[in-house]
Amino acid sequence: MMRRRAFLSAMLASATMPGASWADAGSPAFLAAAREPSGAFALFGLSATGQDLFRIPLPARGHAAAAHPVAPEAVAFARRPGAFALVIDCASGQLRARLDAPAGRHFYGHGAYLDGGEILVTSENGIETGAGVLGLWARSEGYRRIGEIPSGGVGPHEILALPGEVLAVANGGIRTHPERGRDKLNLASMRPNLAYVSLSGGIEEVVELEPDLHHASIRHLAAEGGQVAFAMQWQGDLPDPAPLLGLHRRGAAPVLCSAEMGEQMSMDGYAGSVAMDARHVAITSPRGGRVHVFDRQGRFVRAVLRADVCGIATGACGLVVTDGQGGIAALDPDLAPLARAARAWDNHLVRLGG
């Protein structure tokens, strides 16, 4: 089997063609990483109906991908605690750059673009202090590391670019160390938060939950119309019920959302991903095998059962989900199948174009 370094060297090629766009990669609607029956890992570009448009091999399991807003480039992040990320030309399948976390840092599996796609921002761990940082990389300089800023908390996971060059940051509150793998080192004292950060103003706003909810690790984000949705993963013993979804508008208090008791308990304290459209916000639970749908005011609408469901994004047909059996389905009406493939989709479905 080809070693990881040789695999990356074989992929490394020239930069994306000047003026190239996502149309040169087949105009995909979504990106998603998957494990194939052979055990290989790959990043897929999918059409609006879930059909494969391209397949690009990955050297190890992926987590999420950050899509450039214009050029057909995606940054595939290793699963936490990963030390590398790959910038892939999705039109040619070639590797444009490899990002190696600097000494004392590791990636947390997510990133976002600012400044029209000129700056890539990566969520990272300051290993020795436990403080979260946001790494900054200049695309026009071959993704050279140009600095970092504080994330506003511990364990930043997903970061989301909002209008006005502001980042929403899901600081999960969990301290880790690469020598301890995925062990969680501070569960008794963890303090998750939702932070709003800009390159010019630094930490602009930090939203924390009540102290008795300090085990609700804020992990994933969605945004629409000035409202941010945050999905949580409960650590430790579950209260009755354990809230897994919050809604927030800047300057206001967060709104926590729950289903009726039985349904809420069926989520098993775990929301794997979140998406939001003009009418609804939804969270997935692969542990609970269901999707919970709420209206934009936070009122529970319904539950939809789906084994091993995790990825969710908005698409042309509304909310779309993926699962560990290779299924892709439209949430309305009632998980209408779009496509199915012989692979296990990973945690996230990334929408292109926003």
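**Notebook: strands, one cavity, cysteines**

Entry 1, sheet 4-5-6-7. I started at F84 and found that its bridge partner in strand 7 is D100. This is a predicted model, so I note that local features need pLDDT of at least 70 and side-chain atom pairs count only at pLDDT 80 or more, while totals for chains, interfaces and linings use all residues. Residues are numbered from 1 along each chain as its sequence is written, and side-chain values use heavy atoms, with hydrogens and water left out.

Strands here are DSSP runs of E with at least two residues, numbered from the N terminus. Two strands count as paired if DSSP finds at least two bridges between them. By that rule strand 6 (residues 84-89) and strand 7 pair in the antiparallel sense, over five bridges. They belong to an open sheet of four strands, in the order 4-5-6-7 and with antiparallel pairing. Its edge strands, each pairing on one side only, are strand 4 (62-67) and strand 7 (95-100). I read the average turn between neighbouring strands of this sheet as 20 degrees, direction ignored. The axes behind that angle are lines fitted to C-alpha atoms, and angles run from 0 to 180 degrees between N-to-C directions.

Entry 2, strands 1 to 3. Strand 1 (30-35) and strand 2 pair in the antiparallel sense over six bridges. F30 has L46 of strand 2 as its bridge partner. Five residues lie between the strands of this hairpin, and G39 takes a positive phi near 95 degrees there. Strand 2 also pairs with strand 3 (residues 52-58), again antiparallel and over six bridges. L46 stands opposite D52 in strand 3. In this second hairpin, also with five residues between the strands, G50 has a positive phi near 85 degrees.

Is strand 2 (residues 41-46) mostly covered or uncovered? I found six of its six residues buried, that is, under 20% relative accessible area with a 1.4 Å probe and protein chains only. In a regular strand the side chains alternate between the two faces of the sheet. F41, L43 and G45 point one way, A42, F44 and L46 the other, and all are buried.

Entry 3, cavities. I counted three cavities of 30 Å³ or more. A cavity is a set of points, on a 1 Å grid over the protein atoms alone, where a 1.4 Å probe fits but cannot get out; lining residues have an atom within 4 Å of a point. The second largest holds about 60 Å³, the volume being the space filled by probe spheres set on the points. Of its 13 lining residues, A33, L43, H63, A64 and A65 are closest to the centre. Strand 4 gives the most to the lining, with four residues. The lining divides into ten nonpolar, three polar and no charged residues. Nonpolar means Ala, Val, Leu, Ile, Met, Phe, Trp, Tyr, Cys and Pro, charged means Asp, Glu, Lys and Arg, and the others, Gly among them, are polar.

Entry 4, cysteines. How many disulfides are there? I got zero, taking a disulfide as a pair of cysteine sulfur atoms within 2.5 Å. C310 is in none, and the nearest cysteine sulfur, that of C317, is 19 Å away. C310 is buried at a relative accessible area of 6%. C90 also counts as buried, at 3% relative accessibility.

Terms used
On a 1 Å grid over the protein atoms alone, a cavity is a set of points where a 1.4 Å probe fits but cannot get out, and a pocket is an open set with protein on both sides within 12 Å along at least five of seven lines; lining residues have an atom within 4 Å of a point. Buried means under 20% relative accessible area, exposed over 50%, partly exposed in between (1.4 Å probe, protein chains only).
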